[in-house]
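Subject: Structure handover and what was found in it

Dear colleague,

Here is the structure I promised to pass on to you. Please open it beside this message, since the notes below are meant to be read with the chain in view.

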Amino acid sequence: MLVPSRRRLRLEVWIVLGLSLGQSAIYSVVQLLDKMTRAPLAEGTSTLNRSQSTREYFDLTYQLLDIIFALVPVLLVLYFLTDQRQASPGDARNSGSAFQKLGFNFARPGMDLLQGLGLAALIGIPSLGLYSAGRALGITTAIIPSALDAYWWTVPVLVLSAMRHAVLEEVIVVGYLMDRFGKFGWSTPLAIAVSSVLRGSYHLYQGFGPFIGNAVMGVVFAWLYTRTKRVMPLVIAHALLDIVAFVGFSLFGKAVGLG
């Protein structure tokens with residue numbers, strides 16, 4: 001099998017983004033414009049986990065289906081990365097599975113967990129301040145991390161939702177795109193910048209504050225990935241941030257900033 005050309009890889013990236021976070025970015029821009037043309041951003045609201053039915057078990061079904069189907073693009077990029085390695089069996093950098101290539105495995109659980117905890121603290125605490133500043137400046141909407149009704153399954157579903165976001169974003173926006181941007185011949189700073197702006201853009205529906213905060217988070221995460229070649233600490237950190245936000249709001253009813 002021949003190594004895919006840059007043109008083919010670019011098409012592949014557009015398809016992946018069109019099915020996942022690139023689509024989310026476009027919707028986010030439209031939602032931001034919608035909110036800005038209705039009222040000042042400070043008066044707007046962004047709800048992240050919505051109830052989809054007034055009937056308990058139908059709502060649970062919808063929530064689980066959303067989580068499952070949102071992860072299909074992750075399987076797609078893992079397939080593409082595995083296929084690329086099979087195309088170059090003599091390249092040592094491409095040996096093993098896509099999970100090994102991205103560092104999305106349990107090869108070093110202790111170190112990954114420690115790095116994930118450190119990243120969560122590094123990003124999470126400033127995020128609270130940035131959210132408060134954005135609200136004070138009128139450039140951030142009120143963020144409601146969860147609007148699910150209180151059922152026995154609410155907290156487990158919120159945890160799964162947080163894990164879904166972490167896996168989807170870190171595998172695609174960092175692991176996959178940094179790999180493909182490198183094959184495009186882009187410099188590391190350019191690849192980090194584009195990955196980070198994309199991360200910020202699909203949070204624009206929350207306002208300009210979350211755009212800035214998530215773009216900065218993207219720079220930190222992508223830079224760390226270029227050093228470690230492991231996406232797992234990023235997934236752990238992102239999951240912890242969202243679990244605290246989603247579950248904390250659901251249990252205590254107070255707004256918390258999102259990373």
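Which are the buried residues of α9? Please keep in mind throughout that this is a predicted model. The buried residues of α9 are G209, P210, N214, A215, M217, G218, F221, A222, L224 and Y225, and they pack against α5 (98-102), α6 (109-137), β2 (142-144), α7 (154-183), α8 and α10. The helix has 21 residues, which at 1.5 Å a residue should span 30 Å, and the end C-alpha atoms of α9 are indeed 30 Å apart, in agreement with that expectation.

**The chain as a whole**

The protein has 10 helices and 2 strands, and from the N terminus on its elements follow the order α-α-β-α-α-α-α-β-α-α-α-α. Its radius of gyration is 19 Å, close to the 18 Å that the globule rule gives for 259 residues, so the protein is as compact as a globular protein of that length. Along the principal axes, the C-alpha trace spans about 55 × 40 × 35 Å.

Of the 259 residues, 47% count as buried, and, if one takes the contacts with a separation of 6 or more, 77% of them are accounted for by residues 24 or more positions apart. The protein exposes about 12,900 Å², of which carbon and sulfur atoms supply 68%. As for the charges, there are 21 positive and 14 negative ones, and their mean positions lie 9 Å apart.

**Helix α6**

With 29 residues at 1.5 Å each, α6 should span 42 Å, and the distance of 41 Å between its end C-alpha atoms agrees with this. The buried residues of α6 are D112, G116, L119, A120, I123, G124, S127, Y131 and G134, and what covers them includes β2, α9 and α10. The residue that follows α6 is G138, which has a positive phi, near 80°.

**From α9 into α10**

Just after α9, K229 takes a positive phi of about 55°, and it does so although it is not a glycine. This residue sits in the loop between α9 (208-228) and α10, where K229 is partly exposed, with a relative accessible area of 48%.

Helix α10, residues 232-252, also has 21 residues and an expected span of 30 Å at 1.5 Å a residue; its end C-alpha atoms are 29 Å apart, which agrees. Since 15 of the 21 residues of α10 are buried, this helix is largely enclosed by the rest of the structure. G253 comes after α10 and has a positive phi, near 65°.

Within α10 you will find G248, which is buried, its relative accessible area being 15% where the cut-off for buried is under 20%. If residues up to four places away in sequence are not counted, G248 touches I243 and G253. Between G248 and S187 there are 40 Å in space, C-alpha to C-alpha, for a sequence separation of 61 residues.

**Two serines**

Is S195 buried or exposed? S195 is buried, with a relative accessible area of 1%, and it belongs to helix α8, which covers residues 188-201. When its neighbours within four places in sequence are left aside, S195 is in contact with V173, V174, M178 and F181.

S5, by comparison, lies in the segment before α1 (6-19) and is partly exposed, with a relative accessible area of 41%. S5 and K183 are 178 residues apart along the chain, yet their C-alpha atoms are separated by 9.2 Å.

If you would like a place to begin in the viewer, I would suggest starting with α9 and the elements that its buried residues pack against, among them α6 and α10, and then going on to K229 in the loop between α9 and α10.

With best wishes

Conventions: Residues numbered from 1 in each chain as written. Predicted model: local features only at pLDDT ≥ 70, side-chain atom pairs only at ≥ 80, totals over all residues. Heavy atoms only, no water. Helix = DSSP H or I, 4+ residues; strand = E, 2+ residues; numbered from the N terminus. Rg over C-alpha atoms; globule rule 2.2 N^0.38 Å. Buried < 20%, exposed > 50% of the residue type's maximum accessible area, 1.4 Å probe, protein only. Contact = heavy atoms within 4.5 Å. Areas by Shrake-Rupley, 256 points an atom, 1.4 Å probe, with all protein chains shown as cover. Lys, Arg positive; Asp, Glu negative; His and termini not counted. Charge placed at Lys NZ, Arg CZ, Asp CG, Glu CD. Expected span 1.5 Å × (residues − 1).
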